[in-house]
Amino acid sequence: MKTSNRLRATVFVTFNMLIASLFPLLLTQSTAADKTEAPPWAVLKPASDQRPLPQTQPLTDNSDLSEKTIAGIDRFLLKQIAQAAVERPKLWNRDLSSPDAYVKSITGKQQELSAILGLTDPLVAGRISYIGESAAQPSDEFTIFEVSWPTLDDLNGTGLLLVPQGKIRGDIIAVPEADQLPEDLVSAKNPADAYAQQLVRSGFRVLIPTLINRENNEWKMSNREWAHRPSFELGRTLAGYETQKIMAGVSILKQTSGNDNRPVGVIGWGEGGRLALYAAALDPRIDSAAVCGYFGSRQLVWEEPADRTVFGLLNSFGDAEIASLVAPRTLIIEAGTCPEYGFRTTASGELEVKQDGYVALKGKPGRLLVPDKAEVKTEFARAREFVAALKPKAPTLELVKSEVPVSQTTLTALIQSLDADALLAPASKPLDLKSRDQASQRHADQLAEILRHNQRLLQLAYESRIEFMKDLKTDSLENFEKSTEPYRKIFRDDVIGAFNLELLPDNARTRKYQEGPKTVSYEVELDVFPDVTAYGILTLPKDMKLDGSEKRPVVVCQHGLEGRPQHTVGEQGYPAYKSFSTHLAERGFITFAPQNPYVLFDRFRTLQFKSQSIGRTLFSIAVPQHQQITDWLSKQPFVDKTRIGFYGISYGGKSAMRIPPLVKNYALSICSADFGEWVWKNAATDKRSLRYSYANKGEYEIFEWNLGSTFNYAEMAALICPRPFMVERGHFDGVEPDDRVAQEYAKVQFLYQAQLGIGDRAEIEYIKGPHAIHEQGSYDFLHKHLNWPAPKEAD
């Protein structure tokens, strides 16, 4: 039994393919069980005229207003990203009066970078483990060992350690590109690529860590994205873990050097260059760094692969700003060859965009940015300008131009910054490294270790959230509401992300849209921010008066993934919605069905990454859109502004948890077909959980920064409380199993009923049905809490 691509894309947000294929059967069973006589969609016809509502301008735009909404958000975000770069200098206060003063003045920015990379857990002390010698042909110049070293309490670095014979001039961590093995830096087809061998033969001990590669895995995404997704949800990043492995490597080299004054350097190409830059910026024990094949403007970081996502990076940091954190130590930037990689890109390098929903590959489209030399030169000039006036002299910041990865000039500059008398050894010699046979297993072990570490963090996150919410007061409703405000601020600023902009005048444009036997609807468009509009469908009962002589409650009816307002009003082919916008209007409510910004497939998902680059999310747009919608509704003479409720299904249920906490115009919230243990659903990677988890699914935008330690759905519900809150849950909904939903809801019920004594304001309805609106318990809830009588025929 198959469903169309369009139906799958709009209805089955969180379903795997098995659940999606069973949907028609489950819907049939549910309809029979409900014994509802309502048709699967409302029978509506186009309005006979397009007159606007009173006190509004005519809506004359005949384009696709949903697409217009997404296009406007895109323009707005690009301007906000550009503005972030303009505002960035105001966030820095470098003291250039002395090296010590400078280091002190940048400490706050180092802490900020550390935090957004997720360097939350302290490095652990321990000893290096020698696994064995690697070279089949012993060298009389150096020895190669396979090694591991402790990083976090259950996370280790692994790779190769090269130890020269004779005098050791210094220690260097050589970080490979993600798709290079540590062995490739020791012996490669092109001797010039094996630069680690040159370094050890030049008298330096060299540690080469293993990075997670970009190969596609069984889940049809890169290994790096697979490791990054749960990390991000838990407030960490893959790059952060790998940076910590480098920093732990510095500790091991220091510990085993026998000389506290022995200098330490770091060098990397591509992903290794990125990590070398981060490590040098954060670890003052690194005396010199060389960054190759990675340096430029990060303004297009949203075009890069998912594992390059760092929440809020562009607010304070471009590469030049991060480079300034290395000062007064030495930094060498090589503008040369960059690795090239793309995932779901066209032959021309443009991002591949699919408008028909499902694609074979499930990861985020992305490519490694390859800056031209002019861009590198401009970014380097910015970095130099930041530190040029440092007294008594400017730090060493060198730009090397090269046509090859990791040039001889760069290597010479690096080793001589560590030891002025060092001479670079000749080109590398071929070696037969028996450790290559174990390289694949070594990588698999490192990937598995990161996944296990995240699963342990996932288990600990439950207690972390309890600790996070400990300042919530429940001795009285008044004290409770006061104590939620600091949490609401954290939710608004650090989780959802807020644009500190005033809403524009709404400039409401409307036109009559459709009519039914008992209802008439209007299309509505409002201005929100420059380029950002709010669009939706207002449905009015025909028996109500518009002159203000009566005021009725409003239900905002929110669609799910790839939904449009029309789908909730009555468009044929969307049975999961059951035309609930129209059916509620037939019961006497005013309804408004907004267009939320999760439509048009990759186009909207790209908006999430643009938003995250400046510490915002899709809901940073949706919240002000709903604020403007509810403000406008509140001004209508026929609306009771104290009785506006929110009712969302699927992705709209996700909205029901995030929008009402920040839009106080909402008097209640109903979360349908989405509520559950959300952090688990996003971060679980064990085999049993993957049926439900997003970690291996195609919704690559779904992951939100650091929810694990802050707000799961029970904590979000606490920000809705003491307003009424309801969960609508189908037993056969593939979103999550019943026990996970019940576990999370139990915390909500405990707050409402046991702690605050308002248990009548919180409900959950279990339905013998699928991922769909039920039209029973939720309607009763709306009638009760919005104080509107149910129609007699519904009694």
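I began with the accessible surface of the protein, which comes to about 29600 Å², with 51% of that area belonging to carbon and sulfur atoms. I keep in mind throughout that this is a predicted model.

For the charges, I looked up the mean positions of the 92 positive and the 100 negative ones, and found these two points to be 1 Å apart.

Next I turned to overall form: along the principal axes, the C-alpha atoms fill a box of roughly 95 × 55 × 50 Å. I counted 24 helices and 22 strands in the secondary structure. The radius of gyration is 29 Å, close to the 28 Å that the globule rule gives for 795 residues, so the protein is as compact as a globular protein of that length.

I then asked what share of the 795 residues is buried, and the figure is 63%. Of the contacts between residues at least 6 apart in sequence, 77% join residues at least 24 apart.

Inside, I traced the largest nonpolar core, which has 172 residues and in which Phe-675, Phe-711 and Phe-725 have the most contacts. Helix H8, residues 238-257, gives the most to this core, with nine residues. Apart from it I noted another core of 30 residues, including Tyr-195 and Trp-269.

Looking at Phe-725 more closely, and leaving aside its neighbours within four places in sequence, I listed its contacts, among them Phe-675, Ala-717, Ile-720, Tyr-752, Arg-761 and Phe-781. Ala-717 and Ile-720 are also among the buried residues of helix H22. Eight of the eight residues of H22, residues 713-720, are buried, so I take this helix to be largely enclosed by the rest of the structure.

Note on methods. Residues numbered from 1 in each chain as written. Predicted model: local features only at pLDDT ≥ 70, side-chain atom pairs only at ≥ 80, totals over all residues. Heavy atoms only, no water. Core = buried A, V, L, I, M, F, W, Y, C linked by side-chain atoms within 4.5 Å. Buried < 20%, exposed > 50% of the residue type's maximum accessible area, 1.4 Å probe, protein only. Helix = DSSP H or I, 4+ residues; strand = E, 2+ residues; numbered from the N terminus. Contact = heavy atoms within 4.5 Å. Rg over C-alpha atoms; globule rule 2.2 N^0.38 Å. Areas by Shrake-Rupley, 256 points an atom, 1.4 Å probe, with all protein chains shown as cover. Lys, Arg positive; Asp, Glu negative; His and termini not counted. Charge placed at Lys NZ, Arg CZ, Asp CG, Glu CD.
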